[in-house]
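Open the structure in your viewer and set it to show helices and strands as a cartoon. Make each selection as it comes up.

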Number of protein chains: 8
Amino acid sequence: MMDTKSILSAVKDGSLSVEEAERMLRTQPYVDMGFAKVDTQRRIRQGASEVIYGASKTPEQSVSIARTLIDNGSECVMITRCPKDTYELAKQEGLDADFRDQARICIIGRMPEKKRESYVCVICAGTSDIPVAEEAAVTAEVLGCNVRRIYDAGVAGIHRLLSDADTIMGATAVVVAAGMEGALPSVVGGLVSVPVIAVPTSVGYGASFEGLTALLAMMNSCASTVSVVNIDNGFGAGYIASLIDRRGDSQ
Amino acid sequence: MMDTKSILSAVKDGSLSVEEAERMLRTQPYVDMGFAKVDTQRRIRQGASEVIYGASKTPEQSVSIARTLIDNGSECVMITRCPKDTYELAKQEGLDADFRDQARICIIGRMPEKKRESYVCVICAGTSDIPVAEEAAVTAEVLGCNVRRIYDAGVAGIHRLLSDADTIMGATAVVVAAGMEGALPSVVGGLVSVPVIAVPTSVGYGASFEGLTALLAMMNSCASTVSVVNIDNGFGAGYIASLIDRRGDSQ
Amino acid sequence: MMDTKSILSAVKDGSLSVEEAERMLRTQPYVDMGFAKVDTQRRIRQGASEVIYGASKTPEQSVSIARTLIDNGSECVMITRCPKDTYELAKQEGLDADFRDQARICIIGRMPEKKRESYVCVICAGTSDIPVAEEAAVTAEVLGCNVRRIYDAGVAGIHRLLSDADTIMGATAVVVAAGMEGALPSVVGGLVSVPVIAVPTSVGYGASFEGLTALLAMMNSCASTVSVVNIDNGFGAGYIASLIDRRGDSQ
Amino acid sequence: MMDTKSILSAVKDGSLSVEEAERMLRTQPYVDMGFAKVDTQRRIRQGASEVIYGASKTPEQSVSIARTLIDNGSECVMITRCPKDTYELAKQEGLDADFRDQARICIIGRMPEKKRESYVCVICAGTSDIPVAEEAAVTAEVLGCNVRRIYDAGVAGIHRLLSDADTIMGATAVVVAAGMEGALPSVVGGLVSVPVIAVPTSVGYGASFEGLTALLAMMNSCASTVSVVNIDNGFGAGYIASLIDRRGDSQ
Amino acid sequence: MMDTKSILSAVKDGSLSVEEAERMLRTQPYVDMGFAKVDTQRRIRQGASEVIYGASKTPEQSVSIARTLIDNGSECVMITRCPKDTYELAKQEGLDADFRDQARICIIGRMPEKKRESYVCVICAGTSDIPVAEEAAVTAEVLGCNVRRIYDAGVAGIHRLLSDADTIMGATAVVVAAGMEGALPSVVGGLVSVPVIAVPTSVGYGASFEGLTALLAMMNSCASTVSVVNIDNGFGAGYIASLIDRRGDSQ
Amino acid sequence: MMDTKSILSAVKDGSLSVEEAERMLRTQPYVDMGFAKVDTQRRIRQGASEVIYGASKTPEQSVSIARTLIDNGSECVMITRCPKDTYELAKQEGLDADFRDQARICIIGRMPEKKRESYVCVICAGTSDIPVAEEAAVTAEVLGCNVRRIYDAGVAGIHRLLSDADTIMGATAVVVAAGMEGALPSVVGGLVSVPVIAVPTSVGYGASFEGLTALLAMMNSCASTVSVVNIDNGFGAGYIASLIDRRGDSQ
Amino acid sequence: MMDTKSILSAVKDGSLSVEEAERMLRTQPYVDMGFAKVDTQRRIRQGASEVIYGASKTPEQSVSIARTLIDNGSECVMITRCPKDTYELAKQEGLDADFRDQARICIIGRMPEKKRESYVCVICAGTSDIPVAEEAAVTAEVLGCNVRRIYDAGVAGIHRLLSDADTIMGATAVVVAAGMEGALPSVVGGLVSVPVIAVPTSVGYGASFEGLTALLAMMNSCASTVSVVNIDNGFGAGYIASLIDRRGDSQ
Amino acid sequence: MMDTKSILSAVKDGSLSVEEAERMLRTQPYVDMGFAKVDTQRRIRQGASEVIYGASKTPEQSVSIARTLIDNGSECVMITRCPKDTYELAKQEGLDADFRDQARICIIGRMPEKKRESYVCVICAGTSDIPVAEEAAVTAEVLGCNVRRIYDAGVAGIHRLLSDADTIMGATAVVVAAGMEGALPSVVGGLVSVPVIAVPTSVGYGASFEGLTALLAMMNSCASTVSVVNIDNGFGAGYIASLIDRRGDSQ
């Protein structure tokens with residue numbers, strides 16, 4: 001559908017029938033696997049690695065989608081929220097798979113080479129926020145970024161954060177994961193002049209409402225550099241950070 | 001009712017009849033003014049100035065309660081959330097009244113002398129939080145405290161806050177008023193080892209929900225020194241801070 | 001505080017006394033105007049135009065801050081959520097002021113030259129979302145970006161959006177403002193491989209809860225490219241988009 | 001009670017005593033099974049198959065209600081939210097039972113013949129929404145409708161949806177099941193001029209609040225063709241769609 | 001975009017150039033009026049009258065869109081949530097306009113003839129719900145339906161509702177508007193075997209939360225025939241009811 | 001409808017035709033005034049005064065309903081949430097009307113005589129809760145009860161409440177109106193062994209959410225004697241209290 | 001504390017020392033069992049059976065409190081939310097215990113004789129609401145009331161409810177338990193002129209929010225006879241109903 | 001960072017190099033253990049025992065942090081929300097550990113001596129609130145305070161609370177833990193003139209929303225002495241109470 005013009009041209013010069021053109025517009029961009037429509041064109045369109053959301057799929061489904069993508073030319077596929085079982089099935093079926101425990105990400109294929117010197121910075125407030133931060137960090141790495149991590153740097157011990165101010169201020173994008181009161185992105189956002197992607201985490205108890213309080217706090221950040229993704233969505237934050245980091249490539 | 005023992009003793013030694021004792025237990029602690037029961041004993045029991053909540057009363061009601069208290073021996077009465085009209089009526093009726101615009105507090109009578117060297121620190125995040133901060137500050141002053149103010153010190157410009165760290169760390173209690181993401185109490189709470197009373201303000205828009213977001217964020221503060229009062233309740237925060245400051249008096 | 005090292009060096013070589021160094025660390029980064037602490041260093045640190053949030057300030061306060069910034073070397077200052085009165089006072093006081101009605105932004109000084117060919121795309125769902133979209137668009141322009149606007153392109157008429165797909169896909173960052181069900185960012189986010197900053201608007205009625213529904217929907221976007229700012233926060237979205245667009249500059 | 005007139009006539013002509021008439025008005029429309037009052041007249045009044053909500057009943061209760069209905073003349077009974085155990089008990093007890101795994105529906109008796117050429121279209125956004133979509137689809141089939149399914153057609157890959165636009169536009173009613181941001185009904189609702197019944201699903205995490213976000217988004221749909229049923233209520237959506245499809249029957 | 005096939009055919013047989021075809025796909029379905037994109041094809045595609053949402057538009061905007069539609073062949077245009085000013089401007093500009101006070105709807109042009117004998121039933125619970133009910137009723141009438149109204153029939157006086165049971169049971173679709181506890185759609189939904197479109201109204205106080213309680217109650221209706229639209233959305237309910245009623249037309 | 005049996009008997013003995021009987025079942029219990037269906041039988045069925053909810057009616061509507069009721073034999077009619085205008089119109093039209101300012105209740109006709117010695121007790125927490133308490137108290141009086149009032153007896157001054165413990169413990173039913181934290185019903189509920197009807201009021205600010213906090217607190221009362229009505233619903237509380245008080249009448 | 005006068009008299013006539021009087025005021029009304037303060041006087045003050053809330057206690061704790069009460073003269077003790085284990089321990093320890101499965105209530109001792117002819121009516125909407133209804137019904141029976149039950153009488157089959165109208169209208173108090181949309185109390189409340197105690201149940205799914213929707217709907221009941229207790233609080237409803245029923249006793 | 005001045009002085013007099021000074025400012029205040037940054041200076045700065053939040057850490061992590069603190073000079077370390085396993089590991093590894101079951105606190109090292117005569121009072125409403133109250137009480141004891149406990153003193157039995165009024169009124173700070181309606185802090189707050197720290201507990205069911213209702217009620221306390229911490233945060237309440245109690249030390 002994106003390529004309307006070239007399909008129209010082919011129809012005009014007779015190299016494509018009306019019926020075929022219509023079918024192409026309909027079926028081309030994905031492979032229908034019954035339980036899912038796999039988008040085999042996205043890699044070409046976006047130049048990025050492929051992503052499978054592993055949480056709601058059986059190991060068999062995830063591995064079979066991964067294989068389809070690899071067979072269609074993907075060099076690297078990552079499975080997020082990946083159960084250990086899925087990784088083990090992938091290994092067993094001979095795929096070149098690697099597993100990052102804390103990030104719950106399975107990487108299949110070859111990690112992309114780092115072409116840039118720039119880096120993305122991933123910060124988290126407490127030790128309980130590390131899994132979400134790692135999901136963001138590994139995602140950005142799989143998508144070709146250098147990543148620097150600053151963990152356990154909550155606002156109630158502000159000197160721990162400030163001692164890393166240079167690293168933070170040198171990044172092209174910053175991901176900040178925090179639960180409870182979600183205050184860290186505001187402090188970080190005031191230190192930098194690059195986008196800060198805030199990830200509320202479900203860390204906390206009582207009136208943290210499983211991340212809702214952090215989410216609302218982050219939405220109200222007094223720092224203009226802050227935008228927010230869903231609770232515990234480390235993947236989304238890492239993905240967006242990688243898009244910003246990539247923006248510096250010669251285009 | 002609080003003095004059960006002494007009333008009982010008086011009954012026993014005959015200086016008080018059973019009927020009188022019963023009546024005393026019932027009627028003593030307040031004056032019934034029809035529209036309100038004024039607690040004329042509280043000053044004696046608590047040694048503090050008297051407080052009238054002005055928001056839901058007519059100028060006539062507030063001024064008449066104030067006069068009753070003064071007539072019963074109060075040296076200083078303050079009217080909070082005080083409409084200008086009420087202050088003007090008090091002046092007009094010959095009461096010794098003073099009005100603090102930003103704090104919306106009317107002070108009737110003589111401010112108590114400051115007996116202590118210690119001080120309470122009142123901090124606010126943005127210029128819009130100043131009225132709430134002032135309500136806290138003036139309340140503490142009326143209740144006999146020294147107050148130091150640090151205003152417009154939001155977390156997105158953390159150096160503005162840190163430049164006043166010495167003042168903050170020297171207080172006996174700290175009040176922190178903030179709206180939007182409500183992050184400031186956590187940062188302050190990590191700097192000090194005295195109680196921090198956090199006041200969420202209704203400053204903000206959209207997902208600030210008129211202070212609810214700040215309230216929830218403050219409830220989840222990662223600093224163990226922080227407790228929270230109602231949205232915009234500067235009076236309560238100042239009152240509690242004064243109780244803590246007074247705790248250092250020889251007892 | 002950011003320049004600890006150079007201040008330390010000056011102390012060491014005797015060109016700066018300990019007392020002066022301490023004072024500098026404390027007072028340097030801003031001018032205290034009583035009602036506000038104006039950050040005169042941010043322009044130097046961030047290379048951007050200055051921003052004053054006009055909603056909670058009197059015309060006198062806004063104009064006096066703007067003048068302070070211009071006097072300290074800012075070339076362009078913008079006042080957001082600017083009441084018409086403030087603009088008129090600025091004109092009257094001889095400042096070089098321009099007013100954008102729909103965006104509610106007053107621009108004081110000289111708009112920066114556009115140095116890039118790249119552009120930011122600003123999209124909105126309905127005609128009622130235009131003020132928020134304009135706030136984002138003008139903000140990005142003041143911060144040096146080219147902007148292309150696509151307005152009234154709601155998802156219930158998907159062909160209106162798709163007819164502009166080329167423009168959308170060519171941007172370096174996309175801002176999407178939508179109220180009601182907040183579905184537009186997901187559709188746009190699926191078309192592009194650059195960051196999409198979603199702005200929920202307070203447009204709607206009943207169960208739109210003044211933008212909360214749109215905010216929650218956007219937080220749950222199935223497109224990985226979407227992050228979200230506060231309800232009606234066009235300024236924040238435009239600011240972040242400009243940071244991403246600027247990222248392509250030679251560094 | 002609905003037949004007041006005929007009962008009254010029978011009383012008048014003496015064929016019915018006052019006492020009997022009164023009892024009839026009271027007891028006729030259902031069979032009291034102790035734990036439930038089974039409505040054996042509904043089939044007659046509504047011409048539809050019977051439905052048992054299996055979730056809150058023991059296998060014994062569901063099967064015994066089903067048998068009562070079959071014994072009273074029902075040709076087809078369906079048990080929704082049916083535990084596998086219930087189906088197995090029905091088989092074991094000699095009932096003509098069929099089980100649809102994904103839809104969690106047990107069908108007892110003979111499926112109605114399809115008398116119409118028209119069809120209902122059931123669409124879902126992601127693979128995780130399929131159980132809810134299947135509940136709607138099987139319900140409509142049991143109630144005599146033809147059903148066409150379009151699954152995994154989320155708005156972030158809008159071309160997947162549009163490639164099936166013809167099928168969607170030819171339906172007499174459309175059911176759309178979606179979780180997360182719940183945007184799909186708005187896009188579908190803009191394509192068609194028949195009623196769209198939107199079913200929010202509990203698919204998602206974090207700020208999806210188990211379907212509440214999708215529900216609210218759907219309530220705010222900018223497409224006028226959309227109405228909404230409860231979270232995960234595939235049965236209700238399929239039921240309503242069948243009523244609309246049936247509306248085309250000669251009446 | 002919907003007519004891909006015929007455009008493709010025209011391209012193939014040379015009656016349409018590639019460039020023209022591309023432009024058609026893009027620009028054909030609407031007229032861009034600057035402040036709005038007016039969909040002049042919808043009437044052709046859907047055979048219905050046109051609708052303008054008047055609440056967020058100036059009288060000038062609404063009237064000018066109405067004129068554009070009439071000029072493009074619409075026979076009847078309705079403006080919902082129409083301020084009286086808009087109606088008066090339309091009259092003044094010579095348009096054939098009619099105003100329904102309670103429904104807040106302005107009708108421009110000729111009401112469609114009623115071609116069917118069937119009717120839609122519109123019910124409301126209390127007198128305060130009448131404006132919403134009237135919006136639904138007039139909408140259905142403008143779209144060609146017969147409408148029967150049953151007003152002030154709340155569930156706490158169940159005999160008032162039951163006395164109209166015959167009328168209710170004879171409709172092809174039922175709209176039920178209710179505020180407060182929103183119980184009426186469940187009772188009505190149990191009486192009929194046609195779709196019931198429930199409209200929560202903002203009528204009530206305290207814990208009615210401006211219609212939220214009624215909305216939630218209706219979402220949980222124990223009657224399977226009930227689906228729900230947004231609070232006070234009488235237009236949407238009337239629109240969907242008319243689609244169902246029209247379904248009986250020979251097709 | 002309630003009298004099925006006697007209507008059936010009349011049909012049987014020929015004193016009533018089938019058609020008449022049917023009509024009676026349908027039309028008897030109310031007078032249709034166009035804008036409202038007035039229930040003229042309720043007084044007979046319930047032996048109570050009549051009530052008109054004045055908030056959503058014009059003075060003309062309220063007065064005309066009142067007159068209809070008086071003309072049909074009501075001795076006393078009360079209009080709740082009554083605008084002063086309505087009372088003045090009633091006076092002007094010659095009705096025997098009385099107005100209770102604080103309670104916002106207009107009484108038309110003759111107050112019933114008190115036949116019982118028992119009394120209902122109405123308590124409120126603060127002076128701002130008095131209007132709601134008065135609505136309850138006057139309602140109970142109009143419905144024939146003796147009422148004792150205890151006002152301004154909040155839980156933070158528990159001795160004020162306890163000094164009236166005898167009065168509280170002697171009532172047949174207790175109404176407690178409180179805003180803010182809504183704690184009073186629990187304390188009262190622990191003192192008595194009669195039903196306590198709790199009325200949350202919208203008194204408070206910030207996290208009182210216009211009565212929601214008080215409502216939720218009252219729902220969770222640790223006293224088993226407490227049930228709750230809607231926010232500010234003094235009428236309902238007084239009505240229920242009167243039903244309980246009346247229960248002691250010889251029956 | 002309730003008997004201040006008699007204690008004072010004893011002090012006066014010397015039969016009680018001041019110290020003893022003080023201790024009595026403090027310790028008399030309950031037995032401190034370490035983990036709980038058991039109120040042994042309540043039976044005397046209230047004439048009712050005793051109640052133990054079993055949910056948060058170990059079997060040992062519940063049984064030991066029960067024994068303490070029996071030893072202090074209670075004739076009947078009931079344990080609500082009683083785990084089966086607790087009942088079995090009571091039996092094993094030789095207490096005269098009876099267990100009501102559906103109501104989850106263990107009765108220890110002798111059920112009170114029914115002294116009245118009057119009865120309480122307990123109604124529930126669906127079969128899933130029966131446990132809550134039974135808790136109310138058994139509670140009322142243990143407290144000396146006759147109870148009539150009407151179960152599975154939801155509003156979507158209004159004839160099932162109306163066929164029992166006579167029973168409902170003859171009660172002295174009505175308990176109505178309903179989940180989902182919580183509409184039943186409004187319908188019942190319109191039929192009767194005695195208090196209706198509504199119990200929202202946690203029955204439902206999706207937007208029922210575990211009873212919150214039913215609770216809010218019931219708070220907004222258009223029937224003035226309805227007050228509400230906490231979700232699933234059958235005990236509270238039965239307790240209040242028994243207080244009302246008892247009110248008819250000669251006093 | 002707190003000691004900027006002394007570090008600057010050392011740089012000036014040459015005893016510290018610029019590089020070393022910079023490193024000190026950065027690294028001094030904590031030991032980085034990989035999974036956590038342990039603040040070894042806090043004891044010096046605050047003179048208090050150390051606290052480890054045990055809930056989100058493995059036994060190995062908690063014990064290893066505790067050992068690090070003890071090795072750095074801490075005399076007493078407490079682990080809150082401590083799993084029994086962690087205590088057992090500590091014992092096994094030869095640490096001097098003590099476990100308080102109800103409080104879920106493990107104490108490692110030597111309890112501080114009590115230097116003051118003053119005491120903190122900890123009150124709870126019901127037996128289910130005891131674990132939270134104990135967490136507060138033990139925390140205060142570990143931090144050097146005397147503690148007096150008053151448990152099971154809910155507001156529905158107000159005499160149980162009042163019998164301990166003397167103890168309550170003699171404290172320097174009061175902690176009040178309560179679930180359900182959260183009314184107790186208001187009653188206590190009215191009795192005393194010292195700060196009351198209210199802890200909402202998650203005790204309750206239905207509309208208690210796991211402590212949210214109690215939290216909101218406490219935020220709205222009519223007693224000015226009350227501030228609030230997070231749901232079930234006994235530790236925070238005890239910590240703040242200890243800071244207030246300590247305030248009386250000669251300073």
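This tour visits a sheet and then a pair of helices. Keep in mind that the model is predicted.

**The sheet in chain B**

Select β3, β4, β5 and β6 of chain B. These 4 strands form an open sheet in the order β3-β4-β6-β5, with mixed pairing. Which strands stand at the edges? They are β3 (50-53) and β5 (97-100), and each has a single partner strand, so one side of each is left without a neighbour in the sheet. Neighbouring strands are turned by 20 degrees against each other on average, ignoring direction.

Now show only β5 and β6 (residues 105-109) of chain B. The two strands run antiparallel and are joined by 4 bridges. To find one of the residue pairs, pick Phe99(B), whose bridge partner in β6(B) is Cys106(B).

**Helices on the sheet**

Add helix α4 (residues 59-71) of chain B. This helix lies across β3, β4 (76-80) and β6, and runs at about 165 degrees to β3(B). Next add helix α6 (residues 130-142) of chain B, which packs on the sheet and touches β4, β5 and β6. The direction of α6 makes about 10 degrees with that of β6(B).

**Two helices in chain G**

Move to chain G and select helices α4 (residues 59-71) and α5 (residues 84-92). They pack at an angle of about 50 degrees, with their axes 9 Å apart. The two helices are therefore oblique to each other, and their crossing is right-handed. Show side chains for the contact: Pro59(G), Glu60(G), Ser62(G) and Val63(G) come from α4(G), while Asp85(G), Thr86(G), Leu89(G) and Ala90(G) come from α5(G). By class, this contact has 4 nonpolar, 2 polar and 2 charged residues.

Note on methods. Residues numbered from 1 in each chain as written. Chains lettered and ligands numbered in written order. Predicted model: local features only at pLDDT ≥ 70, side-chain atom pairs only at ≥ 80, totals over all residues. Heavy atoms only, no water. Axes fitted to C-alpha atoms, helices over the stretch in contact; angles between N-to-C directions. Parallel < 35°, antiparallel > 145°, perpendicular 65-115°, else oblique. Left-handed = near helix turned anticlockwise from the far one by under 90°. Contact = heavy atoms within 4.5 Å. Nonpolar A, V, L, I, M, F, W, Y, C, P; charged D, E, K, R; others polar. Pairing = 2+ DSSP bridges.
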